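Colleague: I am new to this structure and would like a close look at one part of it. Could you choose a single loop residue as the starting point and lead me outward from there?

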Amino acid sequence: MKNAIGSAVPRALWNLLFVIPLSLVLVVPFFVAGAVLGTYLAYSHKLPEIPELANYQPRTVSTFFAEDGTVIGIFYKQKRFVVDLQQIPTHVVKAFVGVEDARFYEHSGVDWPGLARAMIRNLQAGRMAEGGSTISMQVTRNFMLTKEKRIARKLKEMILARRLERMWGKEKILYIYLNEIYLGDGCYGVQAAARNYFDKPVEHLTLAEAALLAGLVSSPSRYNPFKNANLASLKQKLVLRNMLRYGFITQEAFDRAASQTLQFRKEAPRPFDLVPDYAEAVRRYIVAKYGEDKLYNEGLKVFTACRVDYQKYALEAARKGVAEIKARHKHFAIIRTVDRTDIAGLLEERATPKLKEGRIYQGVVTRVTASKSDTVLDIALSKKLVGRATLEGKTDDFKVGHVLAVRFEGFMNGIPYFTPDDDPVLQSAMVVVENRTGYVRALVGGTSEERFKFHRAIQARRQPGSAFKPFIYATAIEQKSYSPATIIVDEEIEVDLGREDRLWAPKNAGGNVLGPLSLRRALELSRNICTIKILMDVGLDPVIETARKMGVSSRLGRNLSLSLGTSELTLLELTSAYTVFPNGGIHVQPTLIKRIEDRFGNVLEDNSKIPVLDEDQIPHPTPREELKEVQTRLSYPRPTAVTEEETEDDENEPAGEDTSQAEFDKPARPRPTTKPEKFPEERLGTRGVRDPEEPRAVTAALSPQTAYIMTDLLMGGVRSGTGSRLGQYLKRRDVAGKTGTTNQAADAWFIGFNPELTAGVWVGFDEKRPLGRREEGARSALPIWAYFMKEALEGKPERQFPVPPDIVFAEMTTYTGPSSEGSGPSDVREPIYKPFLGRTLILSPLDPPETLRWRQRPVPQESVSGHVERPPGAPAPPQGPVHLLYPRTQGPAAPPQPYAAPTQPPQPGPVRPPQPQSSQGQGYVAPGGSPSYGAASPSGPHYPRFPEPGGPTQVGPSTTVQRFYPVAQEPGRPAAPYVPPRLAPSALYPPVPEEDE
């Protein structure tokens, strides 16, 4: 028994001391190796493939540049600027290696001693205090894995890190790491961090600055120097000590860096804040054309056409002009005034609105009750809805009949209470376009802080009023043989719209009429009735086609109110259209962008190329239909290419602006296009990504000759027309433009240009309410234009608008002033297309000669010197008080004689019926079958010639028009009764729908 026990004890000791340890030594390694192998096989299965470095495309910043290279916008989801490793200084690299992976150049992806050390510290701390990840492991985590804190992820990191080292190598891993690492404040990579914290590129970082950035890796928010400078400084010193310990820097470098006082970036405006309206417009363009991902992640370089100085001038001018308008009006709430007797009828027509707090309504003041403490207004929104507004103190500013804009505040004892909306947000927008290139140089979308929500320069469509009239006049000159001296009678008219009881009686601003006017004066004074007559003669479709060629893409109403500018347009397209006049008839598609490059420098879009037109692609004026037979007998040269000299960039105020009732250095000769452009996205080129080699869309919109004549007319508009106020602000002669005001002055416009730039200004409220009493384009928008142009043209000499070939200046006789003030025909010198010399309309086809014959003036009496003051070549007047207007047309060989007034006034009655041989829209022609000016006839005076009295006075085929004209009688004799002539548009062109298809 003892022997058995004794033998068992040594055996147990043997097993314990020898067999078991030997088994562990032999088995456990195999077990551990198997476990490790199994773990490796398990976690290496389906791991991400190591990508080729060439495919490395991190999210990076897209940058917008102005014309001078100024950064005006950066857009990103991760603020990152990718830099090559060679650009990063050695001490910057060592700072990050020293704090994150000191043995980076010694291990092969996993630092096993460092990993063991981290495990021990985590056990001691009872938590994950240290990760033990190498830089290679961090790259795999950030580049290929998620950031979840699990052992499985750590094992995957270790496996991928070794693969990464074998495939990429140390330098490439550092390149990725230093461009990917997050360093707080939205900055990814060392370049973005250097710019953010120190406002310098990474190449200029000092050792101390590099150490601070390296300290941000472990906790970017905790060690952010903008939030906690003390903690950031302590972490920086720790990084420097690590670098010293591992031999990355010397003691001297350590001491110098530790004692350096860091200078952080001062608070500075974001690039976007420099020219926000322009940058926002470019951002919308990029998103619409290329998509958000390309803008925010793919590092585009966008070189814009923005002039930062012009943008500054434009915004300052807009704000100054708006402030001046506000200063002129005490109560913006007063929209208009109605007569007391009309209040009931007005309320009867209005529907009762459903009230909502904070919303603006229009109401009529029906009673004012004033006391020493307050003033109570009874305000009726409709016949059934009457509320009140209580104002502090006694005031007599509000009267019965005032139509007010009021804000609904709520009910009190069942009574709705309102507050007059006296401080609405007045807005202004401006667009500046370079004529020759189409580059948009400045863009103001609004003057309030909310302007980014709605860009009024490119998004808002508003009625342009009289600013649309140049399209009609240009069409008349280009296609219907009008000249600046063609006479149109400004008179009361009624237009039969072809429907039962539908007569339209358009009015001029102020309701007055001025009698016969030249086409020049009609445009300068912006006469509505004259423009309507021209449109009725020219026709809707030609005008719309002209507007389309000039760049207008918004829908245009196909009705006579088109002449009053009732079709809504954007400021950008209207301003761009006006560039056709100083640009020799060529419209270049406007663009905000000169060039776009991707992150690799590939050009995605290049707008610097403008194609050249062949000579046969340049249009020229065409004679109207009834003059074509005469015109074909003329032997005039084919229009030659228009040349343009490189020119530098610049008046009195008569009658008020009309309001609508409801609205050649040598430019490239682009190849024309007839396809209407979309706007704003497609018009700016956002429909798909086009070939960067493809030039921008351009159009030969007008002949160079018509463009010049229109420029000359619009120059007159700012010297002696509705824009004459310009002379108070800008003393230059090389400027032209047109005002525009809509009904009740809800929109005020001024579009003007010089040989270099075209600028457009709009002023108004978003909700389309009146700007205030006496506000119009010349008073509200023109000063803003002048303030901008004064700064933009400062120091630049005046330039002349180049005169194209085949333009001559001819003596013509026309009406340059209102007959109501005793003004009669006078001689003028006007530009005219040479082949049309003596072959243009004398009188509008809608005005028969009798209109002028009864508007008489006395022959000038003999002067002190004893000679008669009369136009050169005019016959001597007979003795006695003879009234004449034009010499009577005689036979071809007979000398012209004065036309004497009849002794009796004409009796009311129909004019002579239309003659069968007359053609539609017949113009008035001299004997021989062609219109003529005396200046073109060797023997004739400088007077237009007209047919014999009683000749045809046709407006159109099958038109029955009754006209009655007053006669200038001798004193005491009553004038014949006057009835406004009734015009029938259907006789001039067939009925059309109200809108474009």
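Modeller: A suitable starting point is leucine 525, which counts as buried because its relative accessibility is 4%, a value that falls under the 20% limit for that class. Please keep in mind throughout that this is a predicted model. Leucine 525 is placed in the loop between α16 (519-524) and α17, and its C-alpha atom is separated by 9.9 Å from that of alanine 509, a residue 16 places away along the chain.

Following the chain out of that loop brings us to helix α17, which spans residues 528-538 and has 11 of its 11 residues buried, so the helix is largely enclosed by the rest of the structure. Among the buried residues of α17 are Asn528, Thr531, Lys533 and Asp537, as well as Ile529, Cys530 and Ile532. Just after α17 comes glycine 539, whose phi is positive, at about 100 degrees.

One residue of α17, Ile534, is buried and also leads into the wider interior, since Ile534 is listed with Tyr278, Ile286, Leu443, Phe468 and Phe581 as having the most contacts inside the largest nonpolar core, a core of 94 residues. To see what such a position looks like, take leucine 443: with its neighbours within four places in sequence left aside, leucine 443 is in contact with Asp277, Tyr278, Ala281, Gln311, Met430, Val431, His455, Ala457, Ile458 and Leu592. Apart from this core lies another, of 53 residues, whose members include Ile176, Val239, Ala257 and Leu262.

Val239 takes us to a pair of helices, α8 (residues 207-214) and α9 (residues 229-245), whose axes come within 8 Å and cross at roughly 105 degrees. That angle makes α8 roughly perpendicular to α9. On the side of α8 the contact is made by Leu207, Ala208, Ala211, Leu212 and Ala214, while α9 contributes Ala232, Gln236, Val239, Leu240 and Met243. Sorted by character, the residues of this contact are 9 nonpolar and 1 polar, with no charged residue.

The loop that leads into α8 offers a contrast in exposure to our starting residue. Aspartate 199 is placed in the loop between α7 (190-198) and α8, and with a relative accessible area of 57% aspartate 199 is exposed, whereas leucine 525 is buried. Aspartate 199 also has a positive phi, of about 55 degrees, although it is not a glycine.

Returning to the chain before α16, we find an open sheet of 3 strands in the order β17-β16-β33, with mixed pairing. Its edges are β17 (503-504) and β33 (982-983), each of which has a single partner strand, so one side of each is left without a neighbour in the sheet. Strand β16 (residues 494-496) runs parallel to β33 and is joined to it by 2 bridges, and within this pairing valine 495 stands opposite leucine 983 of β33.

For a second example of strand pairing, strand β7 (residues 360-370) is joined by 5 bridges to strand β10 (residues 402-412), and the two run antiparallel; here glutamine 362 has alanine 405 of β10 as its bridge partner. β7 also pairs in the antiparallel sense with strand β8 (residues 374-380), over 6 bridges, and a hairpin of 3 residues joins β7 to β8. In that pairing the bridge partner of valine 368 is leucine 377 of β8.

Terms used: Residues are numbered from 1 along each chain as its sequence is written. This is a predicted model: local features need pLDDT of at least 70, side-chain atom pairs count only at pLDDT 80 or more; totals for chains, interfaces and linings use all residues. Side-chain values use heavy atoms; hydrogens and water are left out. Two strands pair if DSSP finds at least two bridges between them. Helices (H or I, at least four residues) and strands (E, at least two) are DSSP runs, numbered from the N terminus. Buried means under 20% relative accessible area, exposed over 50%, partly exposed in between (1.4 Å probe, protein chains only). Axes are lines fitted to C-alpha atoms, for helices over the stretch in contact, and angles run from 0 to 180 degrees between N-to-C directions. Angles under 35 degrees count as roughly parallel, over 145 as roughly antiparallel, 65 to 115 as roughly perpendicular and the rest as oblique. Contact means heavy atoms within 4.5 Å. Ala, Val, Leu, Ile, Met, Phe, Trp, Tyr, Cys and Pro count as nonpolar, Asp, Glu, Lys and Arg as charged, and the others, Gly among them, as polar. A nonpolar core is a set of buried Ala, Val, Leu, Ile, Met, Phe, Trp, Tyr and Cys residues joined through side-chain atoms within 4.5 Å.
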